[in-house]
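Biologist: Please take one part of this structure and go through it closely, then show me how it sits within the rest of the chain. I would like the terms explained as they come up.

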Amino acid sequence: MEVSRGHSGGGPLAAFLRARRNGARPEQHRLAVGAQRQVPGLRRDEVAFLAGISTDYYVRLEQGRERRPSRAVVEGLCQALLLDAVAARYLRDLTVTGTAVGGETPRMGADRLEAVDQLLGSMTVPALLVNRWLDIVGSNILGDFLHEGMEPRDNYARLVFLAPGAQAFFTEWPELARCMVAALRAQAGSEVGSARLTQLLKELTAHSDVFRTAWGEHHLYEKAIDRKLFQHPRVGSLALDQHVLELPGSDGHRIWAFHPADDATSNALLSLASSVPPFGRPSPEAADLTTKEGNRRSSCERADQAPGAA
């Protein structure tokens, strides 16, 4: 099964150029839009003209016959395709590294992972540790309670697209779904062709039409803070500001901390923190939420699981 246009037809660079050319609109460049136009976006010759290169050279780029354009050509393509800062950086990355190889799971050193795990446990808001593929590598107790009842919970993209109750749990699911796909592509960077990521993509495209369509559009998204709305099964509506905390030197790992956006959500989190374990499951960690160890649950072993594992 074909995962996406990004994995065939000339490689990631060629697929990205085709998708973004189709998404650009001629009127954005003040080009004439007439009844005779046969493509929804820009034509190849228009992109070539706007980028200051020959049409033949641009065609070779889209066909994958040329994969290492010069810096000047790349900058011209960024302007022609109206790429924002995130997409422009992604394009530059593709042209420098080419098609990715390997596909090992992003990992932290054991000492660093233990230190981050302790940090999660000291946080008084729900917090997760995720890697580039959005595997959930670690979580504190409130992070578990926030997502209780949602399975699979080893990878956040799998949770959003494959969990049976996801569309009810995430209040703004359509927008979240689009952002999740774009964030996954942005974080994957030039490794969009790696075996490790391909395994995850094959599962998501096989089971979600929304994911398959959005992945083929090649949008990218990076965030530092974003408002998330949840409909929790036990405490109702939650409004949380998701902060993305970069961890330098960690091979792409990030902390997601969910801070309450209003008093009602803050009170609901306090209720969760003082409640019994999710759905009555025994949990020794929940016995003392006021201590560092009591407020921490390591999920580091999840990084060793394949995205398809349940």
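Modeller: I would start at the turn end of a strand pair, where H232 has G236 in β4 as its bridge partner; strands here are DSSP runs of E with at least two residues, helices are runs of H or I with at least four, and both are numbered from the N terminus. Since everything below rests on it, please note that this is a predicted model, in which local features need pLDDT of at least 70 and side-chain atom pairs count only at pLDDT 80 or more, whereas totals for chains, interfaces and linings use all residues. Residues are numbered from 1 along each chain as its sequence is written, and side-chain values use heavy atoms, with hydrogens and water left out.

The hairpin that joins β3 to β4 passes through three residues, and the two strands run antiparallel, with eight bridges between them; two strands are taken to pair if DSSP finds at least two bridges between them. In a regular strand the side chains alternate between the two faces of the sheet. Along β3, D226, K228, F230 and H232 point to one face and are buried, while I225, R227, L229 and Q231 point to the other face and are not buried. Here buried means under 20% relative accessible area, exposed means over 50%, and partly exposed lies in between, with a 1.4 Å probe and protein chains only.

On the buried face, F230 deserves a closer look. Leaving aside residues up to four places away in sequence, F230 touches L146, H147, Y156, F169, F170, T171, G236, S237, L238, L240 and F258, a contact being heavy atoms within 4.5 Å. F230 is also, with Y156, F161 and F170, among the residues with the most contacts inside the largest nonpolar core, which has 42 residues. Such a core is a set of buried Ala, Val, Leu, Ile, Met, Phe, Trp, Tyr and Cys residues joined through side-chain atoms within 4.5 Å. The largest share of this core, seven residues, comes from α10. A second core, separate from that one, has 27 residues and includes L17, Y57, C78 and L91.

Going back along the chain from β3, one comes to the loop between α12 (209-216) and β3 (225-232), where H218 lies. Most residues other than glycine have a negative phi, and most peptide bonds are trans. H218, just after α12, takes a positive phi of about 60°, and at 1% relative accessibility H218 counts as buried. In α12 itself, F211, A214, W215 and G216 are buried, and the buried residues of this helix pack against α1 (12-23), α8, α10 (173-188) and α11 (195-207).

Going forward from β4, the loop between β4 (236-246) and β5 (254-260) holds D251. D251 also has a positive phi of about 60° although it is not a glycine, but at 39% relative accessibility D251 counts as partly exposed. A further backbone point concerns P152, in the loop between α7 (141-146) and α8 (156-162): the peptide bond from E151 to P152 is cis, with omega near 5°.

Strand β1 (residues 127-130) contains L129, which is buried at a relative accessible area of 2%. The C-alpha atoms of L129 and A257 are 8.8 Å apart, although 128 residues separate the two along the chain. Beyond four places in sequence, the residues that L129 touches include M108, V137, L247, R254 and I255.

For the whole protein, there are 13 helices and six strands, and buried residues make up 53% of the 310 residues. Among contacts between residues at least 6 apart in sequence, 59% join residues at least 24 apart. The structure holds zero disulfides, a disulfide being a pair of cysteine sulfur atoms within 2.5 Å; of the cysteines, C78 is buried at 7% relative accessible area, and C179 counts as buried at 17%.

Finally, a word on confidence, given as pLDDT, the predictor's confidence in each residue from 0 to 100. The mean pLDDT of the protein is 82, and 80% of its residues reach 70 or more. Among the elements, β5 has the highest mean pLDDT, 97, and strand β6 (residues 296-297) the lowest, 38. Over residues 1-8 pLDDT stays under 50, and the model has 25 contacts beyond four places in sequence for them; over residues 98-102 pLDDT likewise stays under 50, with 12 such contacts.
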